[in-house]
Structure formats: C-alpha cells, structure tokens
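Please open the model in your viewer and keep the selection tool at hand, since the tour moves from one selection to the next.

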Amino acid sequence: MVIPTTAVFAAFATAITLAVLIWVLWPLRRQRIGPWVAVVLVLGVGVLALYRLTGTPAALQETARAAPESLEQAIAQLQAELERNPAQPEGWALLARSQAALGDAAGARQSYARAVELAPDEPALLIDAAESRALADPQRRFDEQAVEWLQKAIALHPGHPRATWFLGVSQRQSKQPAEAAKSWESLLGSVDAATARSLRVQIDEARAEAGLAPLPAAPAATVAPATANALTVRVALDPDFAARVRLRGDASVFVIARVPGGPPMPVAVERHALQDLPLEVVLDDGDSPMPTQTLSTLQEVEVFARLSASGSADRGEGDLESVPVRVTLPSTAPVELVIGAPAP
C-alpha cells in the first residue's frame, strides 16, 4: 500500500512535536511519571489544535492538482484561476497567447483586452493586443481601438519597430499610402541592412499608390547576403496555360513565403516582372517585410508564387497563384512552383 506523502509528513510532524516536548519536560520525570506523561500529551494535543486554528492545515491535505495533459486543460485551469483572481495582467496575457496558439483569435482578443485594462502602459502588451484584434478580423484589419493602442505604444516607446510597422499597415489599409510610407521610412535608420532592403520594397509600393516617386536607390553596401534558412525557389509558367491565356506584359510575379495557417502577411517576398519567367530566386531575411518576423526565426513556411495584373502584393481579383508548397526549415532543396498548373 502506498502511503500519501502528506500523511507521512503529518505523522513526522507529530512525532517531532512530541519528541521536543519530552526533551523539554524531561527534568520533571523524576517526579511522578503519570502527571509527566499527561503534561506531554496535553501540550502535544494543544500544539496541534493551535496549528489547526491559526496555521495552514490545508497544507497537510492532498490539494495538488493533476498536471494538465494538454494545452486545452492548461487553459481551462488558467481560466479558473483568473475567475478567482482576475487582477493578473500577466495571467490574461498568457491566456491570450495560449488561445492564439489554439487558433481562438476571438478569445485571444478578449483576453488581451482584459490584460490592457490592468496594465495600460505596457508597450509590448498594447502591441500584442492590437495585433490580436487584426488577427480576429476576417479581413485582418486594424480597427480604431487597435490603432489607438499602437499610437499609445509609440508614445510610450518612440520608434518602436513593431508598433511602427503595424501602424503603417493600418494606414495602408485605410487608404493612406503616403502616411504608411512615412511611418515605414522612419524605420530605415533603425533596422539592419537586410531588413531595410525588403522594407524599401513596401515603402516604394505605398509611395506609388500615393503618386510619389520611389525612394532614391540604396547604396550597394546595404544589400545583405543570404541568411540562415534561406530558400531557393524556382518559378515557371505552365506552358499549356500560357498558350490559352493572354497575359499583360506589365504583370508582376511575387514569390512569397508565409507562416502556414497564420496571417496573410508574408515573412519573405520578392517582386519580379512577368517576362523574367522562368526565374530562380533566393528568399532570406533580407526579403522580410516585417522586421519582427524573418525566415531565420521559423521552422516551417508555406511558399507560393502569385501572378498579379495590378502589380500589388495584396491578392486582387484576377490574380493567379501556384499551388502552395509547405517547407520545413532549413531546406537545401529548391522549391519548384508552377503558375497556372492544375492542382494535383
């Protein structure tokens, strides 16, 4: 038979209590033995009774919970704890991240909102909460509340790269391309050369939408070499499809890598002209439009090519995409993409 640990501890504590009393009262043993034994027992029972009244008797009981066997069980336990003690911003933020990991975007949005109520001056929390609202939106748009949180995060931490990037995204979503370009341009002096190279692509697209000239060409020294988890991608046009369909000569081809099942924002993207097909490119950290998420930080990506008549990286009507290929990183084998080929 297995004896519960707490039972062993209780017996051990009782034995120690009695042993101490016997040692302290040992000089009285030379008197009559009966009263001496009675005194030891009375004091021993008294000590234990006093502990029951003023101590922590629950510590002697089996109250430890079983360890959760899944993320769902862990979330349920955390939710129960937050119901008992809701004034825990770190707990709400942890709950939000866990819900996001399970794909519960709406739940994560609500939990982040509770965390922001309790800690309204934490820039990182404000940015996470703003992003959660965009991820919970079917069109991945930053609403007014999200933009307000981003602006507050920037006020608390001027020039914060992630907040500034998201603010630019929200401005472009709101048909404010000039403002988006200006926000992103402020990042060029604070990011590494590889990130600046890909950021300039997004800035030039926003400036073009606003009717502005592209940025001056960057110095050659800012072009970064390939980095960890770099992907070689070969893109071609299906011959049968090309023979059937008349394509615009000014169409653009975007080679895109993104998080599988994640937001539509690419983690790496390159733009090329239709006449460049077939082509071979190398996607690396320098092609990331988001300074906070790059290929070198990921373990898996989804890679595809998009043929865009409008010349925009955002999916539009009439655009054509290759069948996406999921790739585990790092990968040395080239990724083969064919635009216009029938799905297998």
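Helices here are DSSP runs of H or I with at least four residues, numbered from the N terminus. The model in your viewer is a predicted one, and the residues are numbered from 1 along each chain.

**First selection: helix α4 and what follows it**

Select residues 89-101, which make up helix α4, a run of 13 residues that reaches 18 Å from its first C-alpha to its last, close to the 18 Å expected at 1.5 Å a residue. Colour the buried positions of α4, which are P89, G91, W92, A93, L95, A96, S98 and Q99. Then move on to G103, which follows α4 and has a positive phi, near 85 degrees.

**Second selection: the aromatic pairs**

A pair of aromatic rings is described by the distance of the centres and the angle of the planes. With ring centres required to lie within 6.5 Å, the count for this model comes to two aromatic pairs.

Select F142 and F166, whose rings form a tilted pair, with 5.4 Å from centre to centre and 40 degrees between the planes. Because F142 lies in the loop between α6 (123-136) and α7 (144-156), while F166 belongs to helix α8 (residues 161-173), the pair ties together parts that are 24 residues apart in sequence. Both F142 and F166 are buried.

Next select W165 and W184, which form a stacked pair, with 4.8 Å from centre to centre and 20 degrees between the planes. W165 lies in helix α8 and W184 in helix α9 (residues 177-185), so this pair ties together parts that are 19 residues apart in sequence. Are these two tryptophans buried or exposed? W165 is buried, with a relative accessible area of 4%, and W184 also counts as buried, at 2% relative accessibility.

**Third selection: strand β5 and its partners**

Select residues 300-308, which form strand β5; eight of its nine residues are buried, so β5 is largely enclosed by the rest of the structure. Which strands pair with β5? Add strand β2 (residues 252-258), which runs antiparallel to β5 and is joined to it by seven bridges; to find the register, look for V255, which stands opposite A305 in β5. Then add strand β7 (residues 325-328), which pairs with β5 in the antiparallel sense over four bridges, with V303 standing opposite V325 in β7. Finally, add strand β6 (residues 320-321), which is joined to β5 by two bridges and runs antiparallel to it; here L307 stands opposite L320 in β6.

Definitions and conventions
This is a predicted model: local features need pLDDT of at least 70, side-chain atom pairs count only at pLDDT 80 or more; totals for chains, interfaces and linings use all residues. Side-chain values use heavy atoms; hydrogens and water are left out. Buried means under 20% relative accessible area, exposed over 50%, partly exposed in between (1.4 Å probe, protein chains only). Two strands pair if DSSP finds at least two bridges between them. The expected span of a helix is 1.5 Å times one less than its number of residues. Rings of Phe, Tyr and Trp (its six-membered ring) pair if their centres lie within 6.5 Å; planes under 30 degrees apart count as stacked, over 60 as edge-to-face and the rest as tilted.
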